[in-house]
Amino acid sequence: VEDNNNNNNNNNNSGAAQTQNNGERTAQNASSGGGGMFSFLGVGGSAASKNSRSVKSLSTTEENEKFFGFENFGNTCYVNSVVQALYATKEFRGRLLAHKEQEAPTEESLLTCLAELFQQITNQRRKTGTISPKKFMSRVRADNELFRSYMHQDAHEFLNFLMNNLCETLETEHRKMRTGDEPEPQTHWRSFVQEIFQGCLTSETKCLQCERVTRRDEPFLDLSLDIEPNASLSACLRKFGQAEVLRDSEKFRCEYCGGGTYQEARRQLRFASAPKVLALHLKRFKYIESLGQYRKLCHRVPFPNTLRIPAEMMASGQEKDGQSGAGGSLPPLYRLYAVVVHLGSGPNHGHYVCLTKSGMGDTATATTTSAATASEGTGSVPSDAAETSSPPVPMSVDGVDSPSDSQAMSPTPDVECDAASDAAWVLFDDDLVEVMPTESLSRFYGATTEGPLTAQGGVGTSRGGGGGAPPKPLVKAEPNTEHGYLLFYARC
């Protein structure tokens with residue numbers, strides 16, 4: 001398997017999120033007055049229950065759509081959340097189940113265990129409930145010692161491991177099926193995992209001496225994006241593809257200049273091909289050199305219902321989606337269908353939940369239906385506000401796209417993407433399944449600030465109390481600790 005993630009430079013970022021469950025979920029529930037996990041979110045409680053709708057009442061485009069939570073085997077929320085996002089990827093689910101039916105039985109692998117888990121869900125007569133992914137979890141721990149402990153691991157690191165493992169297994173099966181007499185295929189064979197999730201970036205390096213351009217393709221299964229305070233997702237994508245100048249010790253070896261001398265150069269990443277499913281990883285864990293440790297970035301990064309790849313990030317002559325705009329055909333348009341949320345104030349503790357869109361033509365207004373009592377953390381969902389990226393030179397202030405940036409070039413989404421905005425959101429918190437109100441989505445964007453200054457011991461000013469009491473020291477209020485971490489967008 002090719003290195004699908006060499007463009008991300010993100011492995012050390014993901015590993016920072018390896019955590020222990022410090023009882024944060026229990027503490028959150030206790031602080032909410034014992035009203036359950038959704039009382040902490042401001043979603044549940046007796047008031048909301050009066051107008052709540054259960055998962056069973058959802059009307060979706062798929063008559064047999066199922067919503068099953070997964071049992072937690074000791075800090076395995078990172079596995080449960082990623083698997084729920086993959087199950088919500090309808091083409092992946094369908095291709096995996098079809099592969100299981102068509103292929104002859106093989107030795108046990110993550111591929112066969114995941115297919116059995118998906119089949120177990122689809123064969124259920126009930127619409128919702130709880131399933132134990134014991135066999136799949138055992139296979140994960142057998143294949144990778146990193147996941148054998150009961151430490152809570154990073155969801156993005158697990159996603160990378162799982163996707164590459166599936167690709168390797170499918171490629172091995174493909175090689176075994178070919179006979180020695182078959183000619184070598186002219187085009188490189190791709191597994192159905194790569195057909196769905198793999199895109200390709202082109203690294204364009206322009207020598208500043210001879211101005212020749214060298215191009216190198218870099219396939220990827222997901223993209224890791226640096227984040228900044230109050231930046232849009234489109235702004236994060238533009239920063240990812242932003243040109244950089246290679247100088248000093250980073251000079252580029254140009255084959256056209258004097259037999260390969262090192263020269264200053266300008267390098268930029270562009271999309272050579274866009275995937276069917278665009279998986280985005282927001283790099284919320286950053287190593288702070290002055291502190292000598294990783295910290296979680298609570299920056300606010302809204303993730304919209306619809307997202308268009310910035311026009312300036314498409315390589316010249318590459319695919320467009322056929323819609324017309326001021327500059328001709330527009331880049332591909334995507335709709336959000338799954339989000340993996342990290343809950344916790346830092347990299348040393350936390351919990352993961354997954355949010356998925358149930359289908360089209362239905363809007364959730366409240367929550368109910370729990371399959372079981374949970375034991376780790378909570379989450380909610382992203383706003384359905386649409387975002388489209390503008391062509392080059394966007395107008396922005398402090399990293400925030402101005403209204404003119406999105407309105408001037410905002411295309412009309414096609415019928416599929418437009419209809420998807422009415423779909424209900426469902427939250428999977430291990431074995432607990434809830435319908436989430438759309439108005440709660442924005443709480444997972446992040447904090448607009450790192451926390452306002454308040455008087456220690458409660459809300460107030462720094463002035464002292466009566467009778468000449470000394471002033472209370474100012475401290476930062478706790479920021480929002482529930483953030484979108486992995487985003488899954490399906491191409492319209």
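Glutamate 244, with a relative accessibility of 41%, counts as partly exposed in this predicted model, and the residue is found in strand 6, which covers residues 244-246. On the surface, Glu244 gathers with Asp248, Glu250 and Glu264 in a patch of negative charge. The points below start from this strand and its partners, and then turn to enclosed elements, salt bridges and loop residues.

**Strand 6, strand 9 and strand 3**

- Strand 6 and strand 9 run antiparallel and are joined by three bridges, and within this pairing valine 245 stands opposite arginine 266 of strand 9.
- Strand 9, made of residues 265-273, is also joined to strand 3 by eight bridges, again with the two strands running antiparallel.
- In the pairing with strand 3, the residue that stands opposite phenylalanine 271 of strand 9 is leucine 201.

**Enclosed elements: strand 21 and helix 5**

- Five of the five residues of strand 21 (residues 432-436) are buried, and the strand is therefore largely enclosed by the rest of the structure.
- The cover extends to both faces of strand 21, since Leu432, Glu434 and Met436 on one side are buried, as are Val433 and Val435 on the other.
- Strand 21 pairs with strand 20 (residues 425-429) in the antiparallel sense over five bridges, and valine 435 of strand 21 is the bridge partner of valine 426.
- The two strands form a hairpin with two residues between them, and in its turn aspartate 430 has a positive phi of about 55°.
- Helix 5 (residues 77-87) is likewise largely enclosed by the rest of the structure, because eleven of its eleven residues are buried.
- The buried residues of helix 5 include the polar side chains of Asn80, Ser81 and Gln84 as well as Val79, Val82, Val83 and Leu86.

**Salt bridges**

- A search of the whole structure finds 16 salt bridges, among them one in which the side chains of arginine 139 and aspartate 143 meet at 2.8 Å, N to O.
- Arginine 139 and aspartate 143 both lie in helix 8 (residues 134-143), where they are four residues apart, or about one turn of the helix.
- An α-helix has 3.6 residues a turn, so residues three or four places apart point the same way.
- Aspartate 143 is partly exposed, with a relative accessible area of 31%, and together with Arg139 it belongs to a network of salt bridges that also links Glu108, Glu116 and Lys135.
- Glutamate 218 forms a salt bridge with arginine 216, in which the closest N and O atoms are 3.0 Å apart.
- The two members of that pair fall into separate accessibility classes, as glutamate 218 counts as buried at 6% relative accessibility, whereas arginine 216 is partly exposed with a relative accessible area of 46%.
- Aspartate 226 and lysine 283 meet through their side chains in a salt bridge of 3.4 Å, N to O.
- Aspartate 226 lies in the loop between strand 5 (223-225) and helix 11 (233-240), and lysine 283 lies in the loop between strand 10 (277-282) and strand 11 (285-288), so this pair ties together parts that are 57 residues apart in sequence.
- Within this pair, aspartate 226 counts as partly exposed at 40% relative accessibility, while lysine 283 is buried, with a relative accessible area of 12%.

**Loop residues**

- Asparagine 230 lies in the loop between strand 5 and helix 11, and although this residue is not a glycine, its phi is positive, at about 55°.
- The relative accessibility of asparagine 230 is 25%, and the residue therefore counts as partly exposed.
- Glutamate 211, in the loop between strand 3 (199-207) and strand 4 (213-220), has a phi near 65°, a positive value in a residue other than glycine.
- Glutamate 211 is exposed, with a relative accessible area of 56%.
- Serine 316 has its place in the loop between strand 13 (306-308) and strand 14 (324-325), and at 66% relative accessibility this serine counts as exposed.
- Serine 316 and arginine 270 are 46 residues apart in sequence, and their C-alpha atoms are 9.0 Å apart in space.

Methods
Residues numbered from 1 in each chain as written. Predicted model: local features only at pLDDT ≥ 70, side-chain atom pairs only at ≥ 80, totals over all residues. Heavy atoms only, no water. Buried < 20%, exposed > 50% of the residue type's maximum accessible area, 1.4 Å probe, protein only. Pairing = 2+ DSSP bridges. Patch = residues over 30% accessible without salt bridge, like charges linked within 9 Å, V, L, I, M, F, W, Y side chains within 5 Å. Areas by Shrake-Rupley, 256 points an atom, 1.4 Å probe, with all protein chains shown as cover. Salt bridge = Lys/Arg side-chain N within 4 Å of Asp/Glu carboxyl O. Lys, Arg positive; Asp, Glu negative; His and termini not counted. Charge placed at Lys NZ, Arg CZ, Asp CG, Glu CD.
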